[in-house]
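Trainee: Can we walk through this model together? I'd like to start with one of the sheets.

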Amino acid sequence: MMKVSGFTYMRNSFKYGYPVIESINSILPICDEFIAVIGKSDDGTREAIAAIGSPKIKIIDTVWDDELIKGGKVFAQQANIGLKACTGDWAFHIQSDEVFHEADLPEIVKAMRNNLEDQTVEGFLFDFYHFIGDYKHIGTTRRWHRREIRIIRNRSDIYSYKDSQGFRIYPSAEDYISQINSRKLHVKLLNAKIFHYSYCRNPDLLLGKVKRFNNYYQNKEKTDKQFKSFQTFDFETVADILAPFESTHPATMHQTIASQDWVFKHNPKKIALSFRRLLLHRIEQVTGWRIGEYKNYIIIK
């Protein structure tokens with residue numbers, strides 16, 4: 001009998017406009033347990049997750065370590081707390097601004113079941129829809145990562161990598177601590193999408209989110225100077241090539257989308273791409289080949 005564990009981490013999700021409840025609920029139906037690692041929050045995040053009321057959900061309370069803030073290392077640390085609490089055959093990681101479509105769940109379950117006994121399959125890879133500005137536009141350039149691992153075999157030698165972008169295998173806990181001797185996972189690419197709503201939220205909340213996120217990778221003084229003139233987030237600073245999204249959103253997002261309280265106007269004439277990046281984008285659009293793409297995985301058939 002196959003067992004699936006879901007896991008995520010978060011802190012003050014509502015303060016920064018993360019659709020964390022929609023995220024959890026999107027994969028909860030196919031999970032036998034769900035580990036929610038909740039950093040100390042003051043915006044009702046913990047209470048709202050507890051209020052989902054599912055016996056599958058197990059909450060782990062944490063306090064984020066300021067020593068791990070730089071470089072986003074705290075993200076991997078929190079992800080690993082959730083991962084190591086999983087008891088299933090597969091561990092399904094989802095981040096607080098990611099949502100899965102209910103139409104894709106049967107395919108995901110089928111893949112996990114069909115590959116349960118094949119130890120050469122160490123995880124599953126997913127493509128992304130990156131929503132920018134609103135729920136009708138998606139980012140199409142290499143500015144947005146194309147794929148990431150979100151399901152892994154529940155093994156003691158698998159850890160969240162760097163700032164929680166993917167996973168790797170380490171021979172020992174000491175190797176993980178020293179960040180040495182890791183290897184990429186062998187994974188299968190599934191025909192299912194991650195709906196990523198990172199740059200799709202009220203611009204007031206988005207400004208707070210972007211400033212907070214930047215502080216993990218640079219000092220606060222630099223962030224404050226960078227956004228000194230901002231009263232709210234200016235979507236034109238994204239200045240990217242967007243495409244219309246003409247399919248359906250996950251059911252858990254329908255109410256959120258209906259409650260959109262801002263207007264997004266994309267300016268296709270304001271595209272801040274160098275000639276090189278524009279050329280690489282055009283090549284990818286024609287051939288499907290993303291030249292020089294960073295791949296923290298090895299795809300197997």
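**The sheet and its surroundings**

Mentor: This is a predicted model. Strands 9, 10 and 11 form an open sheet of three strands in the order 9-10-11, and the pairing is antiparallel.

Trainee: Which strands are at the edges?

Mentor: Strand 9 (158–160) and strand 11 (183–184) are the edge strands, each pairing on one side only. Strand 10 (residues 167–169) is joined to strand 11 by two bridges, and the two run antiparallel. Across that pairing, Arg168 stands opposite Lys184 in strand 11.

Trainee: And which helix packs on the sheet?

Mentor: Helix 3 (residues 73–85), which touches strand 9 and strand 10. The direction of helix 3 makes about 140 degrees with that of strand 9.

Trainee: Back to Lys184. What does Lys184 touch?

Mentor: Leaving out residues up to four places away in sequence, Lys184 touches Glu122, Arg168, Lys295, Asn296, Tyr297 and Ile298. Arg168 is thus on the contact list and also stands opposite Lys184 in the pairing.

Trainee: How does Lys184 count for exposure?

Mentor: Its relative accessibility is 29%, so Lys184 counts as partly exposed.

Trainee: How far is Lys184 from Leu28?

Mentor: They are 27 Å apart in space, C-alpha to C-alpha, and 156 residues apart in sequence.

Trainee: New topic, the core. Which residues touch the most other members of the largest nonpolar core?

Mentor: Phe34, Ile49, Phe100, Ile108, Met112, Phe124 and Phe126, out of 33 residues in that core. Two or more residues each come from strand 1 (4–10), helix 1 (20–27), strand 2 (33–39), strand 4 (90–93), helix 4 (105–114), strand 6 (123–132) and strand 12 (186–199).

Trainee: Which element gives the most?

Mentor: Helix 4, with five residues.

Trainee: Take Phe126. What does Phe126 touch?

Mentor: Not counting residues up to four places away in sequence, the contacts of Phe126 are Phe100, Ile108, Arg146, Arg147, Glu148, Arg150, Ile151, Leu189, Leu190, Ala192 and Ile194. Of these, Phe100 and Ile108 are also among the residues that touch the most other core members.

Trainee: Helix 1 gives residues to that core too. Why is helix 1 described as largely enclosed?

Mentor: Seven of the eight residues of helix 1 are buried, so helix 1 is largely enclosed by the rest of the structure. The buried ones are Val20, Ile21, Glu22, Ser23, Ile24, Ser26 and Ile27.

Trainee: And strand 8, how many of its residues are buried?

Mentor: Seven of its seven residues, so to speak of cover, strand 8 is mostly covered. Strand 8 (147–153) pairs with strand 6 in the antiparallel sense over five bridges, and Gly123 stands opposite Ile152 in strand 8. Three bridges join strand 8 to strand 4, again antiparallel. There, Trp90 stands opposite Arg153.

Trainee: On to open space. How much space lies in the largest pocket?

Mentor: About 1,300 Å³. The lining has 46 residues, and Gln95, His145, Gln165, His196 and Phe213 lie nearest the centre of the pocket.

Trainee: Which elements supply the lining?

Mentor: Strand 1, strand 6, strand 8, strand 12 and helix 6 (203–214) each supply at least two residues. Helix 6 has the largest share, with five residues.

Trainee: What about cavities, how many of 30 Å³ or more?

Mentor: The count is one cavity. About 70 Å³ of space lies in the largest cavity. Its lining consists of Ile132, Phe235, Glu236, Val238, Ala239, Asp240, Leu242, Phe264, Lys265, His266, Asn267 and Lys270.

Trainee: Last thing, backbone angles. What is the phi of Asn12?

Mentor: Positive, about 50 degrees, although Asn12 is not a glycine. Most residues other than glycine have a negative phi. Asn12 is in the loop between strand 1 and helix 1, and at 10% relative accessibility it counts as buried.

Trainee: And Asn181, where is Asn181 found?

Mentor: In the loop between helix 5 (173–178) and strand 11. Asn181 has a positive phi too, about 60 degrees, and is not a glycine.

Trainee: Is Asn181 buried or exposed?

Mentor: At 54% relative accessibility, Asn181 counts as exposed.

Key. Residues numbered from 1 in each chain as written. Predicted model: local features only at pLDDT ≥ 70, side-chain atom pairs only at ≥ 80, totals over all residues. Heavy atoms only, no water. Pairing = 2+ DSSP bridges. Helix = DSSP H or I, 4+ residues; strand = E, 2+ residues; numbered from the N terminus. Contact = heavy atoms within 4.5 Å. Axes fitted to C-alpha atoms, helices over the stretch in contact; angles between N-to-C directions. Core = buried A, V, L, I, M, F, W, Y, C linked by side-chain atoms within 4.5 Å. Buried < 20%, exposed > 50% of the residue type's maximum accessible area, 1.4 Å probe, protein only. 1 Å grid on protein atoms, 1.4 Å probe; cavity = no way out; pocket = protein on both sides within 12 Å on 5 of 7 lines; lining within 4 Å. Points joined across faces, edges and corners; volume = space filled by probe spheres on them.
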